[in-house]
Amino acid sequence: MRNFKLLLISVIKGINSFFELKESKRSRHIPFLASLCVGIPLFLGFYFENLEKGLLVSLGGLVILYYQPNLSFGSRMLTLLVCSLGFVFSLGIGLSFSFNPYVSAVVLGFFAMGIHLVTTYFKIKPPGNFFFIMIASMASCQRYNLEIIPEKIGFLFLGTMLACFLAFGHGWLTIKKGQTPEIFGIQIKKGKFVSLIDSIVIGIFIAISLLIGHLLEMQNPYWIPISCLAILQGISKQHVWERMLHRIVGTFIGIGLCWLLLLFCNTPLSVCITIFVLQYLVEVLIVKNYALAIIFITPMTILLAEIGSSFTANTEIIVSARFLDITIGSILGALGGWFIYNQRFKYKATQQLRKTSVMMRKK
C-alpha cells in the first residue's frame, strides 16, 4: 500500500511538472548565440550546395553551450577552447572505431565511462558530458572511411572555432570594468572513487543502447544512446522518472508539430530557417521546462535528418523510427537511473570496489 502511494505521488509530481516553468539564471544571450552557431553553417552549406558539411560544422558550433558568461573573460574562452578539443577528440574516437558495430558499441561504453569521470572530476557544469558522448555516438554510426576522418574532424573544428569567435565577440561587448578575475571555469573535485560507480553504470547502458540500435537495424541507431544519456542526466530518482515521461510525451507531441512543419518546409532553405528558429526556442525552454523543449527538439532533429538526406527519405519511416528509438532509449535511461540512485546498490558496489582496491594493493 505504501509503495502504491509513493508511486501515485511520483506520477502526480510528474504530471504537474509538465505545466511548471522554472526560473532560469542562464544568460538570455545564450539561446541567440546557439542559434547563430547552428544556423550560420547551415546557411553557408545551403549557399555552397553542401549541406552535409554544413551539418558537421553546426554540430561543432554546439560547443557554445559550454560558454559561461558569469566567469571572467579569460576563463570563458579557456573553457570553450578545452571543450572544443573535447569535441574533436569525441568525433575522432567515434569515427576511428566505426568499422564494426559491436566494437564501436563497446568503445563508446568505455568512452562514456571515461568522459563522465572527467567531467565529474573537473566539475564541468551542464550540459556536462552530454555533447561529448552525443558526438562520439553519432560518429560511431557513420560509414567507416579512414581517408576522410581528418576532413570531418576539420569541419567540426571549424564549427567550434566559429563558436569561440562569437563568444569572444560577446565577451568583449559585455565585459564589465573592475570584474574580479576568476580561476579556470573547471574546478577539480577531490575524492577517492570520483563517481566511479555512476560512470560504470552510464558506460554499460550507453554501450547496451547502441548495441540494441544496431541489432534492431535502426536507420539512425545513435538516437537510442543519446536518449538514454538524456534521461541518465537526471539528478534524482524523481527527476529521472520525470525526464523519461517528459521525453516520451514531448516526442509524441513533437511528432505532430513536425507533420505540420513539413507541410510548409519543402525546400532546404525553409528547413534551415526553421531549424534556426527551433534551436532558439529549445535553448530558451530547456532550462525552464524539459517537456516543452522536447516538443521542439523532436521536429528539429527530424528536419536535420531530412536536410541531410536531401528530402529523399520517407518521412513516415523517419517519424516512426524516431519515436521508437527515443522511447527505447528513455526506458533504458530510466533503468540506468534506478541503479545510479539506488542506495542499496550503490552501497554494495562501493564496498566491492573498496575490497578490490585493497586486494590490488596487497598484490
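How far is the sulfur of C37 from the closest cysteine sulfur, and in which residue does that sulfur lie? The points below take up this matter and then the salt bridges of this predicted model.

1. The closest cysteine sulfur to that of C37 belongs to C164, and the separation of 8.9 Å is too far for a bond. A disulfide requires the two sulfur atoms to lie within 2.5 Å. A search of the whole structure accordingly returns zero disulfides.

2. As regards the surroundings of the cysteines, C37 is buried, its relative accessible area being 0%. C258 is likewise buried, with a value of 1%.

3. The count of salt bridges comes to two. One of them joins K53 to E151, with 3.5 Å between the closest N and O atoms. K53 belongs to helix 3 (residues 51-61) and E151 to helix 7 (residues 149-174), so this pair links distant parts of the chain, 98 residues apart. Both partners are partly exposed: K53 has a relative accessible area of 23%, and E151 has one of 39%.

4. A salt bridge is also formed by K346 and D198, whose closest N and O atoms are 3.1 Å apart. Because K346 lies in helix 14 (residues 343-362) and D198 in helix 8 (residues 196-215), the pair ties together parts that are 148 residues apart in sequence.

5. The two partners of the K346 pair fall into separate accessibility classes. K346 is partly exposed, at 21% relative accessible area, whereas D198 is buried, at 15%. The boundary that places D198 among the buried residues is a relative accessible area under 20%.

Technical notes
Residues numbered from 1 in each chain as written. Predicted model: local features only at pLDDT ≥ 70, side-chain atom pairs only at ≥ 80, totals over all residues. Heavy atoms only, no water. Buried < 20%, exposed > 50% of the residue type's maximum accessible area, 1.4 Å probe, protein only. Salt bridge = Lys/Arg side-chain N within 4 Å of Asp/Glu carboxyl O. Helix = DSSP H or I, 4+ residues; strand = E, 2+ residues; numbered from the N terminus.
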